[in-house]
Amino acid sequence: MSTQPMTSDINPKLLQIIRENIKNGKADSKNSLTRSDLATMMETISDDMTAKEANYATHALVDILSEALVKGSRIEIRGFGTWEVRFLEARTAHNPRTGEKVKTIGKFRPHFKAGKSLKNRVNDFYLQQYERVKQYATSESREQDLVEA
């Protein structure tokens, strides 16, 4: 049995915002969720949070997570994922314009690994979208759309 929330478990206000964003074309891969978008969503779903408080909360969350990574902590949010700092070894790369080989130095970088629940939710969502497109591609309504065009 999956521990992920069903659509009915999601706050109705948040679900409405997500649906509006999808309808308005704001939920495709070319767009991203910004910090201010997150603050606006937090303000909308909360009955007692002002825009200023929501903005402060999102800034505070990002600052807390960033500071934890800087100190070398591993951050785990069950069902969502984990962040940790990893070391990337020095390597030999190449300049794509000139083809010249370039040696890079080793560096530390934050790394995110999605949790099982997040992976499943994303996969399930995109499989549903894929099935809808596949059904439409083989349907009579598509053939009618093509004839009318």
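Just after helix α3, G72 takes a positive phi of about 90 degrees. I begin at that residue and work outwards, bearing in mind throughout that this is a predicted model.

Let me turn to the helix itself. Helix α3 comprises 20 residues, 51–70. At 1.5 Å a residue, α3 should span 28 Å, and its end C-alpha atoms lie 29 Å apart, which agrees.

Which residues of α3 are buried? They are A54, T58, A68 and L69. These residues cover an arc of only 105 degrees around the axis, so they sit on the same side of α3. The face turned away from that buried side carries the exposed residues K52, Y56, I64 and V70.

What covers the buried residues of α3? The cover includes helix α2 (35–45) together with the strands β1 (75–77), β2 (81–88) and β5 (107–114).

I would like to take T58 as an example. T58 belongs to helix α3. Its relative accessibility is 2%, and because buried means under 20%, T58 counts as buried. Setting aside its neighbours within four places in sequence, T58 is in contact with R35, L38, A39 and M42.

I now move to the strands. Three of them form an open sheet in the order β1-β2-β5, with antiparallel pairing. The edge strands are β1 and β5, each of which pairs on one side only. On average, neighbouring strands of this sheet are turned by 25 degrees against each other, direction ignored.

How many bridges join β1 and β2? There are three, in the antiparallel sense. Among the facing residues, I75 stands opposite W83 in β2, and E76 stands opposite T82 in β2. The hairpin of β1 and β2 has three residues between the strands, and there G79 takes a positive phi near 85 degrees.

On the other side of the sheet order, β2 and β5 run antiparallel and are joined by eight bridges. For G81, the bridge partner in β5 is A114.

My last topic is the aromatic rings. A pair of aromatic rings is described by the distance of the centres and the angle of the planes. A search of the whole structure finds five aromatic pairs, and I shall discuss two of them.

One is formed by F80 and F112, with 5.6 Å from centre to centre and 50 degrees between the planes, a tilted arrangement. This pair links distant parts of the chain: F80 lies in the loop between β1 and β2, F112 lies in strand β5, and the two are 32 residues apart.

Are these two residues buried or partly exposed? F80 is partly exposed, with a relative accessible area of 37%. F112 is also partly exposed, with a relative accessible area of 34%.

Another pair brings in W83. The ring centres of W83 and F112 are 4.9 Å apart and their planes stand at 50 degrees, so this pair is tilted. Since W83 lies in strand β2 and F112 in strand β5, the pair ties together parts that are 29 residues apart in sequence. Ring pairs thus link F80, W83 and F112 into a cluster.

To close, I return to two points. The buried residues of α3 are covered by elements that include α2, β1, β2 and β5. Those three strands form the open antiparallel sheet in the order β1-β2-β5, and F112 of strand β5 belongs to the ring cluster with F80 and W83.

Technical notes
Residues numbered from 1 in each chain as written. Predicted model: local features only at pLDDT ≥ 70, side-chain atom pairs only at ≥ 80, totals over all residues. Heavy atoms only, no water. Helix = DSSP H or I, 4+ residues; strand = E, 2+ residues; numbered from the N terminus. Expected span 1.5 Å × (residues − 1). Buried < 20%, exposed > 50% of the residue type's maximum accessible area, 1.4 Å probe, protein only. Arc of directions from axis to C-beta. Contact = heavy atoms within 4.5 Å. Phe/Tyr/Trp six-rings, centres within 6.5 Å; stacked < 30°, edge-to-face > 60°. Pairing = 2+ DSSP bridges. Axes fitted to C-alpha atoms, helices over the stretch in contact; angles between N-to-C directions.
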